Amino acid sequence: MGAVLRPSARLRALAALGVVLACNAALVGWAWWFRQAVAPGWVKGPLIDPASPYAPENAMVRFAVAACAAFDLYLIGTLLLWRRGGPLRNASPARRWTARLAPLGVALAAAWVTENGLRLWLVHDMVTYFRPHPALHWVVRPNLRNFDNLKGGGRVTTNADGLRDGPASRVRPPGTYRVMVLGDSSNFGHGVEGSETWARVLERFVPTHRGMRVEVVNGATPGWTTYQAVAFMRGVGAAYAPDLVVAGFNNDPGPEYLGDAERAPGPGVGALNALLFRSEFYLLGREVVLATARRAVGTAAIRQAGEEPRYGALAADTARRLRPRVPRDAFVANLAALDALPGDFAWVNMPINRAVPELVARYVDASYRAAASELGGQRGFPVIDVDAAWQRDGIADFQPGHVFHPDAAGHARIAAQVAATLFPGEGAPTPLVLGISSLTPVHAHVAVALAAHPALAADAGVALDVRSYGSGKAQGDDVAAGRLDAFFSCEVPAARMLTSLPDAEVVATPGVLGRIAIVGRVPSLAALRGRRVAVAPGSTPAMDWETWGASLGAVVVPLDTDAMQDALARGAVDAAAGWDPWVARWLAEDPRLRVLASRPFRSVLAVRRSWADTPDPRGDRRRRLVALVERALRAAASERAATDSAVASVSGWPLEVVRAVADQNAWLTGTADASALVDADRAGLARAYAWARLPLPAWLAAPTPAR
């Protein structure tokens, strides 16, 4: 049996345990109290993230728990050594040295256990993908796999160097033309998935160059400036041996309390920092010391742990102390340094969201962009002014509320412009302006799917510009003016648009758009004899009414389609000739109405021959366009609930109306597998031409074989 502690020994053990617990409680309590002592965002400098475990308000508690664990493990270890050691008076020299070094071994073991415990904790309690770095200030954590960044930014996968979707090896494979993209969160792809970043889209736009496979490496990191870019390329980046570096930064003129170069460690501590920064315990403790010092000297602000910084209006004295993160002359020197690296160099003036003027005023300095353009002219490297192109064309493909972050469509546009500038005529994407009615389900389903999945156009090698129309007249005007390369339409409107643009031909059909129908409160079509029927003059329903009502002698009341429902409700007309989705809405909102006659309403996809016949290294443009539309329809069908909701949002139709129309389309119900014109499509078009008294085009009178 083990020895029984005497009462005095038991009291001493309890007292010692109480002291240990009190020390633990004091340390955790101190950390809990001081966790709110954080420097204001302007003073603290570029912050990894307020939710990061390395942010002071979070590091405090984590460090305290880790410190308690290390302290307790050390005490337990030394106690066990003391219990097992015995007297050393007659011990051998080797045993005496072992006994003297044993506490150090216990301390190292406690530190090792604590460090690895911290790492496991952070793996399971990490809400951001950043980690402090001794020279670059911060980097993206390496070896992430589909990391779900709760702060926004899409799922993130990184290689061993922390590069988003980067190659497994730094070594450039034989027969590979490697492009390195440098930048901040805009190029990294904050808010979009990895496959949607312009680096990945560029790789799909330009699969080969000079007979080699193109590989695009995304070396961007959120928050970086050209200062970090140069340091990165002189270290890790150089190992990737890129043939071309494409850089675009927004953060250099951003105001901070200290510039990026001023925050860099001195040359004497670089090697030591490189070692210390490997330890999570050190990184947490470093932030704890800094936060405590800020609190002591009164430069800390108090906010709840994890709370976002509140910048707001700056006091005059604070504003005077701010400076650019990278001064303009240093910015120019950094670009020159990047241009001097082996391989080619190009600069991108990234787009700016001018819908948030207060952020533009705070973070944008046009003189930096002008300096980049001037330096490019002097040194001969390309400057791709994406921002100027977006301003000129009225493009605003940004994530809401962000001054610099493009959405997925914006990334595709950037990739298209970079490809067209740096790789002209060699796999550059095919430009395509596509017109779609936002009020017409099925057509709108295609637009929504293309917007939700920019990779569809990128995989087809198409730089897509979708123009949505809420008015058939507006779309017709753009068709006649030649502003569209391709467009969707249906029957009589299609015949008119195609006649206004002799250069156009029909190449495919997305299928049925719903019904053309006569709707009324009478029991049958025959009951309309001598009654009043609302008809939109010159429309496809007007054409069908001439067939259905030829012998009825009904009184035709000319009305715009959107006025017919009210006329039916007031009894001003007894029936109306219309098409879905208007018909579906009338029936859904008035159960007394019934369909007296109907037929499927057919749709076509038309393309300009001058666009389609342009030689293209990627292959036949007609086939690629048709395949792209088919993939969009399949995507819409596979995500029907989400796509129907999006169509209802952009069109203004009730969701049940959108569903009713979509349920009549073979693509959206998953029963179609080809978009080739059928006899019913040709017959419907020929009938529309004849009714509108328009000359039948040669391609319809004598159709050519499918291309």
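Here is an informal back-and-forth about a predicted model, working through a strand, a helix, some salt bridges and a loop residue.

Reader: Let's start with β9. How many residues of strand β9 are buried?


Author: Look at the two faces of β9 in turn. On one side sit Leu 244, Val 246 and Gly 248, on the other Val 245 and Ala 247, and all are buried. The strand is therefore largely enclosed by the rest of the structure, and the count of buried residues is 5 of the 5.

Reader: Which residue in β13 stands opposite Val 245?

Author: β9 has strand partners to check here. Strand β6 (residues 176–183) runs parallel to β9, joined by 5 bridges, and there Met 180 stands opposite Val 245. β13 (residues 344–349) also pairs with β9 in the parallel sense, over 4 bridges. In β13, the residue opposite Val 245 is Phe 345.

Reader: On to helix α7. Where is the kink in α7 centred?

Author: The helix covers residues 226–239, and its 14 residues reach 18 Å from first C-alpha to last, close to the 20 Å expected at 1.5 Å a residue. Even so, α7 has a kink of about 55°. Its centre is a residue that is among the buried ones of the helix, namely Met 233.

Reader: What do the buried residues of α7 pack against?

Author: The buried set in α7 includes Thr 226, Gln 228, Ala 229, Val 230 and Phe 232. Their surroundings take in the strands β6 and β9 discussed above. The full list is β3 (137–140), β6, β9, α11 (328–339) and β13.

Reader: And just after α7, what phi does Ala 241 take?

Author: Ala 241 comes just after the helix, and its phi is positive. The value is about 45°.

Reader: Now charges. How far apart are the closest N and O atoms of Glu 203 and Arg 200?

Author: Both residues lie in helix α6 (residues 198–205), 3 residues apart, about one turn of the helix. An α-helix has 3.6 residues a turn, so residues three or four places apart point the same way. Glu 203 forms a salt bridge with Arg 200, and the closest N and O atoms are apart by 3.4 Å.

Reader: Is Arg 200 buried or exposed?

Author: The cut-off for buried is under 20% relative accessible area. Its partner Glu 203 has 21% and so counts as partly exposed. Arg 200 has 11%, so Arg 200 is buried.

Reader: What about Arg 213: which class does its relative accessibility put it in?

Author: Arg 213 forms a salt bridge with Glu 215, with the closest N and O atoms 3.8 Å apart. Glu 215 has a relative accessible area of 10%, so that residue is buried. Arg 213 is at 41%, and therefore counts as partly exposed.

Reader: How many residues apart are Glu 505 and Arg 622?

Author: These two form a salt bridge, the closest N and O atoms being 2.6 Å apart. The pair links distant parts of the chain, with Glu 505 in strand β18 (residues 504–520) and Arg 622 in helix α24 (residues 621–638). Both residues are buried, and they are apart in the chain by 117 residues.

Reader: Last one: which side chain does Thr 440 join in a polar contact of 3.0 Å?

Author: Thr 440 lies in the loop between β15 (430–437) and α16 (443–452). At 17% relative accessibility it counts as buried, because the cut-off is under 20%. The side chain at the other end of the 3.0 Å contact is that of Ser 437.

Technical notes: Residues are numbered from 1 along each chain as its sequence is written. This is a predicted model: local features need pLDDT of at least 70, side-chain atom pairs count only at pLDDT 80 or more; totals for chains, interfaces and linings use all residues. Side-chain values use heavy atoms; hydrogens and water are left out. Buried means under 20% relative accessible area, exposed over 50%, partly exposed in between (1.4 Å probe, protein chains only). A polar contact is a pair of N or O atoms within 3.5 Å; within protein, one must be able to donate a hydrogen and the other to accept it, and residues adjacent in sequence count only if both atoms are side-chain atoms. Two strands pair if DSSP finds at least two bridges between them. The expected span of a helix is 1.5 Å times one less than its number of residues. The bend at a residue is the angle between axes fitted to the seven residues ending there and the seven starting there. Contact means heavy atoms within 4.5 Å. A salt bridge is a side-chain nitrogen of Lys or Arg within 4 Å of a carboxyl oxygen of Asp or Glu.
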